[in-house]
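Got your viewer open? Let's take a walk through this one, stop by stop, with something to select at each.

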Protein chains: 2
Amino acid sequence: MDRDQTEKDDEGSGRPTLKTLAFMTGLGVTTVSRALKDAPEIGAETRRRVQLVARQIGYRPNRAGVRLRTGKTNVISLVLNTEREIMSFVSDIIYGVSEVIADTPYHLIVTPYSRSQDPLDPIRYLVETGSADGVIISRTQPNDPRARYMLERGIPFATHGRTDMGLIHPYHDFDNYAFATEAVRHLAGIGRRRLALLAPPAELTYHSHTLNGFTDALSEVGASEIPFNTVSVDHSIEQIRMRTAQLMRRDVRPDGFVSSAAAATLAIVAGIEDAGLRLGRDVDVVSKQSSDLLHLFRRELLVVNENFRLAGAELARSVLGWIGGAAPGSLQSLSMPTEVLAYRRPD
Amino acid sequence: MDRDQTEKDDEGSGRPTLKTLAFMTGLGVTTVSRALKDAPEIGAETRRRVQLVARQIGYRPNRAGVRLRTGKTNVISLVLNTEREIMSFVSDIIYGVSEVIADTPYHLIVTPYSRSQDPLDPIRYLVETGSADGVIISRTQPNDPRARYMLERGIPFATHGRTDMGLIHPYHDFDNYAFATEAVRHLAGIGRRRLALLAPPAELTYHSHTLNGFTDALSEVGASEIPFNTVSVDHSIEQIRMRTAQLMRRDVRPDGFVSSAAAATLAIVAGIEDAGLRLGRDVDVVSKQSSDLLHLFRRELLVVNENFRLAGAELARSVLGWIGGAAPGSLQSLSMPTEVLAYRRPD
DNA sequence: CCTATATACTGAAACGTTACAGATTGTCAC
DNA sequence: GTGACAATCTGTAACGTTTCAGTATATAGG
């Protein structure tokens with residue numbers, strides 16, 4: 001009953017803090033703090049009482065307070081290239097991440113970097129300023145300085161795409177090797193024998209995955225490659241279109257394409273038609289897509305779906321898992337492509 | 001010279017703080033703090049000296065410290081509907097915002113909400129927990145509870161799209177009235193007389209903007225409307241396609257469409273072709289698009305560009321402006337549509 | 001009855017920052 | 001020489017949280 005002085009402030013003014021709860025329950029702030037996080041040395045009844053009151057008045061821990069004291073930011077950062085990322089990728093991956101962190105205390109911050117910058121810059125910034133508990137990066141390279149850097153500093157992260165440095169870290173990847181082999185097999189199955197690949201940019205890890213799948217399947221089915229490596233999916237629509245048209249006007253031209261991105265596929269088809277050829281008759285195209293729109297573009301297109309929302313969710317789960325103490329090696333996942341889908345009339 | 005005790009910690013261990021700077025310069029932390037923010041009562045030389053040292057050792061203010069002390073979060077939140085937002089919208093607007101906040105201390109957090117939730121929920125969360133200094137919302141309604149709520153609480157925000165409540169707040173909007181009139185005029189100009197509009201969802205403000213532009217221009221050019229209001233751009237691709245096909249099989253069918261979204265346009269065209277009709281011959285379509293891809297889809301399409309990246313940048317500028325003390329009424333902008341663009345062969 | 005030990009709780013300090021209320025100079029007027 | 005005043009600088013407290021080192025009470029062992 002010796003609750004005498006020191007209640008200068010508090011009561012109903014701003015949002016409730018531990019002090020407010022302490023005052024209301026007649027306990028010390030330490031006890032309240034502990035009761036809320038189920039510490040062992042708190043009596044069962046006290047714990048329940050505190051948690052009840054906290055819930056009633058809508059107590060939310062002050063993020064700045066926690067962060068200042070503990071260093072824990074409760075932030076996941078998604079690092080994106082503002083020029084090069086595929087558009088649907090961005091929204092879907094954000095939604096995937098959001099979905100997973102929705103019922104956690106985590107916030108998602110988007111950390112952009114531009115073409116001109118060193119990709120390591122935003123990572124350095126995040127690490128040096130301690131702005132995030134975990135990081136998600138994309139456009140992963142076989143020898144990725146960002147992954148190495150974060151591994152050295154011990155900050156949890158996950159990569160969209162794999163590395164190839166002999167270092168273990170969480171990742172999520174789409175199986176582009178399987179995509180390319182499926183694509184080639186399907187094209188061979190409908191009689192196509194001279195295939196061209198519009199590959200991912202050479203510096204990214206999934207370039208070689210795709211390429212290996214492509215060439216392995218080529219020899220498996222006995223088809224041949226028509227080189228098409230002056231452009232990648234990173235090139236502009238106009239460039240891809242022009243190069244495709246050039247290629248299709250040659251004597252030896254492909255009768256099948258494998259395309260690693262939906263927007264690029266539009267350009268390929270445009271190039272094919274620029275050259276006076278027809279999709280489905282003179283040439284077939286298998287393309288990855290992340291939203292179900294390509295079949296509207298040309299019904300003859302063959303598609304394989306890559307689910308970026310799923311990727312975002314997996315990546316978020318991985319980072320959270322690592323933060324939570326799981327072994328990085330156990331937080332790796334690979335997503336299998338669907339079979340090649342030919343056009344089907346909806347409904 | 002009475003610098004005696006109390007240097008228990010500091011030096012080169014973690015990242016530098018005001019205390020580190022104070023120790024290095026031989027000044028008090030208060031002085032250092034003020035010198036860094038150009039306070040008037042600091043000597044010119046001291047100021048320069050402190051700033052020099054700070055720059056040299058790469059001092060960065062601790063966000064948690066600032067936030068705890070001042071309440072300033074240095075965060076802008078972008079609130080998004082995870083189901084309904086247009087995909088390219090998300091990435092472009094994020095990049096636009098990023099571009100503007102790049103050389104400010106602000107971080108961008110993405111706060112998602114799903115169909116099932118009250119759109120006010122994420123706003124309440126942000127305001128109650130004081131998680132952001134400013135908020136950007138989209139899918140703005142004529143009578144928008146979110147805008148009203150934030151206006152009441154005095155938290156700076158900007159809306160993508162206008163409201164119609166007689167309340168003044170920053171916004172950025174695309175002039176959809178002008179878009180619709182331009183579109184109708186263009187269609188009339190090429191001889192189309194029976195026009196249908198695929199409108200935005202009725203609850204959003206730009207629905208009536210678009211509709212008014214459409215009907216005003218119809219009477220101006222003496223064309224008639226074929227009602228097409230069983231679907232909106234929010235409906236699924238399949239539904240729009242089906243409804244379009246139904247409409248095009250009627251006796252009295254449109255010979256021109258105005259479409260408020262690119263993805264929906266794909267569905268409209270598919271529906272037209274399902275009905276055995278041909279784009280450019282039987283019917284023309286004017287569509288908004290946010291990335292330059294529709295002309296690859298069908299060269300006959302007529303397009304008007306809406307720049308979401310610009311929108312993001314403007315919205316960010318507006319919120320920052322309001323935070324910085326500018327009058328909300330001075331932070332409103334409207335972006336004019338381009339003329340209707342017919343297909344031109346690239347280069 | 002005294003001491004040891006477990007249980008349940010508590011105050012003080014610290015994280016890095018800024019605001020408030022001084023403190024120490026030097027300059028100038030008179 | 002004194003008082004007033006401006007120009008610079010400084011220590012303390014506070015924001016909300018967690019951790020450390022206790023303190024009080026009850027229970028048990030001897």
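## Stop 1: DNA strand D

Select A:Tyr59: an N or O atom in its side chain sits 2.5 Å from a phosphate oxygen of DNA strand D. A pair like this is a polar contact, meaning two N or O atoms within 3.5 Å; within protein, one must be able to donate a hydrogen and the other to accept it, and residues adjacent in sequence count only if both atoms are side-chain atoms.

Before you go on, know that this is a predicted model, where local features need pLDDT of at least 70, side-chain atom pairs count only at pLDDT 80 or more, and totals for chains, interfaces and linings use all residues. Residues are numbered from 1 along each chain as its sequence is written, chains are lettered from A and ligands numbered from 1 in the order in which they are written, and side-chain values use heavy atoms, with hydrogens and water left out.

Now show everything near DNA strand D, where near means that one of a residue's heavy atoms lies within 4 Å. You should get 27 residues, and the closest are A:Leu18, A:Tyr59, A:Arg69, B:Thr30 and B:Thr31. Of the strand's atoms that come within 4 Å of the protein, sugar and phosphate account for 59%.

The bases get contacts too. Click A:Thr30: an N or O atom in its side chain is 3.3 Å from a base oxygen of DNA strand D. Then click B:Arg69, where a polar backbone atom is 3.3 Å from a base oxygen of that strand.

Which helix gives the largest share of the surface near DNA strand D? Colour α4(A), which supplies four residues. Helices here are DSSP runs (H or I, at least four residues), strands are E runs of at least two, and both are numbered from the N terminus.

Try colouring by class as well: the surface near DNA strand D has seven nonpolar, twelve polar and eight charged residues. Here Ala, Val, Leu, Ile, Met, Phe, Trp, Tyr, Cys and Pro count as nonpolar, Asp, Glu, Lys and Arg as charged, and the others, Gly among them, as polar.

## Stop 2: DNA strand C

Switch to DNA strand C. It has 26 residues around it, and A:Gly28, A:Thr31, A:Arg34, B:Tyr59 and B:Arg69 come nearest. Sugar and phosphate make up 60% of the strand's atoms that come within 4 Å of the protein.

Select B:Tyr59 and find the polar side-chain atom that lies 2.5 Å from a phosphate oxygen of DNA strand C. At A:Gly43, a backbone N or O atom lies 3.0 Å from a phosphate oxygen of the strand. For a base, go to A:Arg34: an N or O atom of its side chain is 2.7 Å from a base oxygen of DNA strand C.

Now highlight α2 (29–36) and α4 (63–70) in chain A and in chain B; each of these supplies at least two residues of the surface near DNA strand C. The one that gives the most is α4(B), with four residues.

## Stop 3: two helices crossing

Leave the DNA and select residues 87–101 in chains A and B, helix α5 of each. The two pack at an angle of about 90°, with their axes 7 Å apart. Axes are lines fitted to C-alpha atoms, for helices over the stretch in contact, and angles run from 0 to 180 degrees between N-to-C directions. So α5(A) is roughly perpendicular to α5(B), a label for angles of 65 to 115 degrees.

Show side chains where they meet, including A:Met87, A:Val90 and A:Ile94 in α5(A) and B:Met87, B:Val90 and B:Ile94 in α5(B). The residues of this contact (heavy atoms within 4.5 Å) divide into eight nonpolar, four polar and two charged.

## Stop 4: two backbone oddities

Most residues other than glycine have a negative phi. Find A:Asp38, whose phi is near 55°, a positive value; look in the loop between α2 and α3 (44–57) of chain A. Then jump to B:Arg139, not a glycine either, with a positive phi of about 50°. Its place is the loop between β3 (134–137) and α7 (145–153) of chain B.

Technical notes:
Angles under 35 degrees count as roughly parallel, over 145 as roughly antiparallel, 65 to 115 as roughly perpendicular and the rest as oblique.
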